[in-house]
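Visitor: Please take one part of this structure and describe its surroundings closely. I would like the cut-offs stated along with the values.

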Protein chains: 2
Amino acid sequence: MTKPDDSKPEETTPAPPAADVENQRGGGGGGGVSNILQRWRREGFLKRCSLTFRAFGFLFSLLAFLIMATNKHGDWREFDKYEEYRYVLAIAILSTLYTGLQIWRQIHEFYTTKEIISRQNAAIVDFIGDQVVAYLLLSAASAAVPLTNSMRQGADNIFTDSSASAISMEFFAFFSLGLSALISGYKLSNQTYI
Amino acid sequence: MTKPDDSKPEETTPAPPAADVENQRGGGGGGGVSNILQRWRREGFLKRCSLTFRAFGFLFSLLAFLIMATNKHGDWREFDKYEEYRYVLAIAILSTLYTGLQIWRQIHEFYTTKEIISRQNAAIVDFIGDQVVAYLLLSAASAAVPLTNSMRQGADNIFTDSSASAISMEFFAFFSLGLSALISGYKLSNQTYI
């Protein structure tokens, strides 16, 4: 998805109209147009960044979900006997759905140029969503760490290893969504004045 | 990526009027001053808000620290026998120190009008500090919940009650610092253009 992102601004930024506008304005207000251009470039860059972070978030959440959901090895080694692991699974599913929907929306808006949510609302939804999902991922991963630690002191088998890797994936997903929340927070607070 | 394409003509056309307004302002000067005044008022309001949230963060962290540190009732009912509770205590101390220092700095700057850290750096330090401490508080509180839950299923005594209240205080501190991080993130992203 980064390829089209990359190529499109390159096609549009050296657009003659922008230069024409600058010429029409003469020496008076060249700064305004170049500021706007700079803004566009920055916005494009931020969009690519947030898409990338969300894609990573999606990947890691999906991995956490799959690893945890298949973590059933009979006897006490079943993830659904422990509420910590059920929490990890629930948040992994939520995060997978959230990031998947966000990526779908971003790609859909890219190809159809139609906005599913208005820009103002999108900024708020993006920021709250990213931040809350990041908090939830961190909370679920943190909650499951002590249980896994104490299990591994007793026995180190495929069950504990899978749990540990699902938790790690959830931590990575947290980092990705935390970074995405940074970007959407930046977008949100800069959008209110425009 | 389609948005820049779409908005390009829209944003360029109202650009000259904006410049005109700016020129008019240069003559009259009324709009600029009222904008600046508005900004000041907003900044003052944000400062009070962030001070309030940090004060609550300090209060709740201190409470979590005190409740957990005094949570020693002999036998298995000692907080330092459980790494989850030690984590809660450590993060409570860290958060108390951080919020205490921030409050001291804000009050000091208010009364002496001298800046301890330069404004640019302060915005970054504030935001990273608030956000990281909020994440740590949430992580510590989440990690300690399952242990406390499973203990309370067996026995409900002063030890488990104190643990539960320390964890609750840590959650409240997390909410306060999360809100404070919102404000400092807003400040940070609006400061880079001024």
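Guide: What follows is a close look at Asp126(A) and its surroundings. This is a predicted model, in which local features need pLDDT of at least 70, side-chain atom pairs count only at pLDDT 80 or more, and totals for chains, interfaces and linings use all residues. Residues are numbered from 1 along each chain as its sequence is written, chains are lettered from A and ligands numbered from 1 in the order in which they are written, and side-chain values use heavy atoms, with hydrogens and water left out.

Asp126(A) sits in helix α5 of chain A, residues 119-154; helices are DSSP runs of H or I with at least four residues, numbered from the N terminus. The relative accessibility of Asp126(A) is 9%, so the residue counts as buried (under 20% relative accessible area, with a 1.4 Å probe and protein chains only). Leaving aside residues up to four places away in sequence, Asp126(A) touches Arg54(A), Tyr98(A), Gln102(A), Arg105(A) and Ser184(A), where contact means heavy atoms within 4.5 Å.

Two of these neighbours also make polar contacts with the Asp126(A) side chain: the side chain of Gln102(A) at 3.0 Å and that of Arg105(A) at 2.7 Å. A polar contact is a pair of N or O atoms within 3.5 Å; within protein, one must be able to donate a hydrogen and the other to accept it, and residues adjacent in sequence count only if both atoms are side-chain atoms. Gly185(A) lies 59 residues from Asp126(A) in sequence, with a C-alpha to C-alpha distance of 8.3 Å.

Methods
Helices (H or I, at least four residues) and strands (E, at least two) are DSSP runs, numbered from the N terminus. Buried means under 20% relative accessible area, exposed over 50%, partly exposed in between (1.4 Å probe, protein chains only).
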